[in-house]
Each structure stands twice: as C-alpha cells, then as structure tokens.
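This report concerns the pairing of charged side chains in a protein model. Please consult the sequence and the structure below while reading.

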Amino acid sequence: MTDAASLAPTIYALTVERFRGITSLKWKPSRGVNVILGGGDVGKTTILDAIALLLSPVNPTTLSDPDYYDRHIDAGFSIEAVLSLPAGGGMNPSLRRLSSSVW
C-alpha cells in the first residue's frame, strides 16, 4: 500500500524568473515539509502558482499581462525545477521546462 506522500513529486530546486512580482528566485527546499511565510502581497501565492503551473498536466492557453514581471511580455518568464516524479504518481517522467516562449 502506498501513501499520498510517496506519490508526491519532490522538488530539489526551483528557479523562477520574471513571473508576476518575482524578478528572480532560486530556492532549494529542505527535505520534508517547507513553510513559506511572509506578509501580504510578498509572493507566497506566486511561488505556489509557479509550481502549480509547472506541474499542471495541461498548460493554460492564455496568460494575462500580470503574469509577466512588470508586464514586459517580450522579456517572457521562466519557471524551472529539478524534481523527482515517483513511479505511479500519474505524471509523465519526461523532462519539462516551462517558459513563456513555449506559449
């Protein structure tokens, strides 16, 4: 029997560039549970949305201007992660890199 934690992806490194209010973020989460703390409107939800966008089984077909840092659409954005995808987790194990140039 497998538990939900054994089927969850493990993020070893996350890089977010020019996404919403984040200019540049490089994060190497600790093993186990990580907590993102901060005041209002400092980027906590943006980090979680970036991870969700990266792990989404289907990419959204449209992005809005606020998804681009300072609304510079031509500069694009990048969300990259080094992670493990456990067998049986329902995710394709292929390498995936998300950037606005893909859209």
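## Salt bridges of the predicted model

In this predicted model, Asp49 and Arg20 form a salt bridge in which the closest N and O atoms are 2.5 Å apart. This pair links distant parts of the chain: Asp49 belongs to helix H1 (residues 44-55), while Arg20 lies in the loop between strand S1 (10-19) and strand S2 (22-27), and the two are 29 residues apart.

Side chains of opposite charge can pair when their charged atoms come close. Arg20 also forms a salt bridge with Asp67, with the closest N and O atoms 2.8 Å apart. Here, too, distant parts of the chain are linked, since Asp67 is found in the loop between H1 and strand S3 (78-84), 47 residues apart from Arg20.

How many salt bridges does a search of the whole structure find? The search finds two, and Arg20, Asp49 and Asp67 are linked by them in a network.

The accessibility of each residue in the network is listed below.

| Residue | Relative accessibility | Class |
|---|---|---|
| Asp49 | 30% | partly exposed |
| Arg20 | 28% | partly exposed |
| Asp67 | 8% | buried |

Asp67 counts as buried because its relative accessible area of 8% is under 20%. Arg20, at 28%, counts as partly exposed, and so does Asp49, at 30%.

Methods:
Residues are numbered from 1 along each chain as its sequence is written. This is a predicted model: local features need pLDDT of at least 70, side-chain atom pairs count only at pLDDT 80 or more; totals for chains, interfaces and linings use all residues. Side-chain values use heavy atoms; hydrogens and water are left out. A salt bridge is a side-chain nitrogen of Lys or Arg within 4 Å of a carboxyl oxygen of Asp or Glu. Helices (H or I, at least four residues) and strands (E, at least two) are DSSP runs, numbered from the N terminus. Buried means under 20% relative accessible area, exposed over 50%, partly exposed in between (1.4 Å probe, protein chains only).
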